[in-house]
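Let's take a friendly walk through this protein, going from the overall outline to a few individual side chains. Keep the structure open beside you as you read.

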Amino acid sequence: MNFDLENMSLKELRDLHKAVGRQIDGYEAKKKEQAMAAAQQVAEEHGFSLKELLAGGKAAKATVAPKYANPDNTSETWTGRGRQPRWVKDHMNAGGSIDDLIIK
């Protein structure tokens with residue numbers, strides 16, 4: 001299949017470009033479908049569904065219990081991770097210790 005690109009009009013070139021783009025998209029979709037079918041078959045051979053294997057790779061993020069509480073408002077807590085809340089900084093700047101804020 002040879003094309004004389006030098007002698008094609010702009011419209012013919014654009015039409016060819018669109019046709020090639022559609023062919024590429026169709027080819028990629030077909031290959032992806034084949035890969036998914038092959039992966040599903042291998043997963044089933046091992047007793048799993050592909051969905052189970054893909055979902056199983058993500059670990060649930062563990063929540064951390066708060067370690068410090070604001071003595072003026074006990075609903076404000078901090079785990080000790082990340083940036084210090086303003087109330088912790090204010091307490092420290094007033095001469096207090098971080099140990100004063102530990103939840104007992």
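A residue is called buried here when its relative accessible area is under 20%, exposed when that value is over 50%, and partly exposed in between. By that yardstick, buried residues account for 11% of the 104 residues in the protein. Please keep in mind that this is a predicted model.

Let's begin with the overall layout. The protein has three helices and two strands, and from the N terminus its elements follow the order α-α-β-β-α. Its radius of gyration is 31 Å, whereas the globule rule gives 13 Å for 104 residues, so the protein is more spread out than a compact globule. The C-alpha trace spans about 85 × 45 × 15 Å along its principal axes. Of the contacts between residues at least 6 apart in sequence, 22% join residues at least 24 apart. About 9,100 Å² of surface is exposed, and carbon and sulfur atoms supply 54% of that area.

Now look at helix 1, which covers residues 10–45. Does its length fit what its residue count predicts, or depart from it? At 1.5 Å a residue, its 36 residues should span 52 Å, and the end C-alpha atoms are 53 Å apart, which agrees. After helix 1 comes Gly47, with a positive phi near 85 degrees.

Next, where do nonpolar side chains gather? In soluble globular proteins, nonpolar side chains tend to be buried together. Here the largest nonpolar core consists of five residues: Tyr68, Trp78, Trp87, Val88 and Leu101. Leaving aside residues up to four places away in sequence, Trp87 touches several residues, among them the core members Tyr68, Trp78 and Leu101. Trp87 also touches Asn70 and Glu76, and that pair is our last stop.

Both Asn70 and Glu76 lie in the loop between strand 1 and strand 2. Is Asn70 buried or exposed? Its relative accessibility is 8%, so Asn70 counts as buried. Glu76, at 32%, is partly exposed. The side chains of Glu76 and Asn70 are joined by a polar contact of 2.5 Å. A polar atom of the Asn70 side chain also lies 3.0 Å from the backbone nitrogen of Asp72. Beyond sequence neighbors up to four places away, Glu76 touches Tyr68, Ala69, Asn70 and Trp87. With the same neighbors left out, Asn70 touches Glu76 and Trp87.

Definitions and conventions:
Residues are numbered from 1 along each chain as its sequence is written. This is a predicted model: local features need pLDDT of at least 70, side-chain atom pairs count only at pLDDT 80 or more; totals for chains, interfaces and linings use all residues. Side-chain values use heavy atoms; hydrogens and water are left out. Helices (H or I, at least four residues) and strands (E, at least two) are DSSP runs, numbered from the N terminus. The expected span of a helix is 1.5 Å times one less than its number of residues. Buried means under 20% relative accessible area, exposed over 50%, partly exposed in between (1.4 Å probe, protein chains only). A polar contact is a pair of N or O atoms within 3.5 Å; within protein, one must be able to donate a hydrogen and the other to accept it, and residues adjacent in sequence count only if both atoms are side-chain atoms. Contact means heavy atoms within 4.5 Å. The radius of gyration is taken over C-alpha atoms; the globule rule is 2.2 Å times the number of residues to the power 0.38. Accessible areas come from the Shrake-Rupley method with a 1.4 Å probe; for residues, only the protein chains shown count as cover. A nonpolar core is a set of buried Ala, Val, Leu, Ile, Met, Phe, Trp, Tyr and Cys residues joined through side-chain atoms within 4.5 Å.
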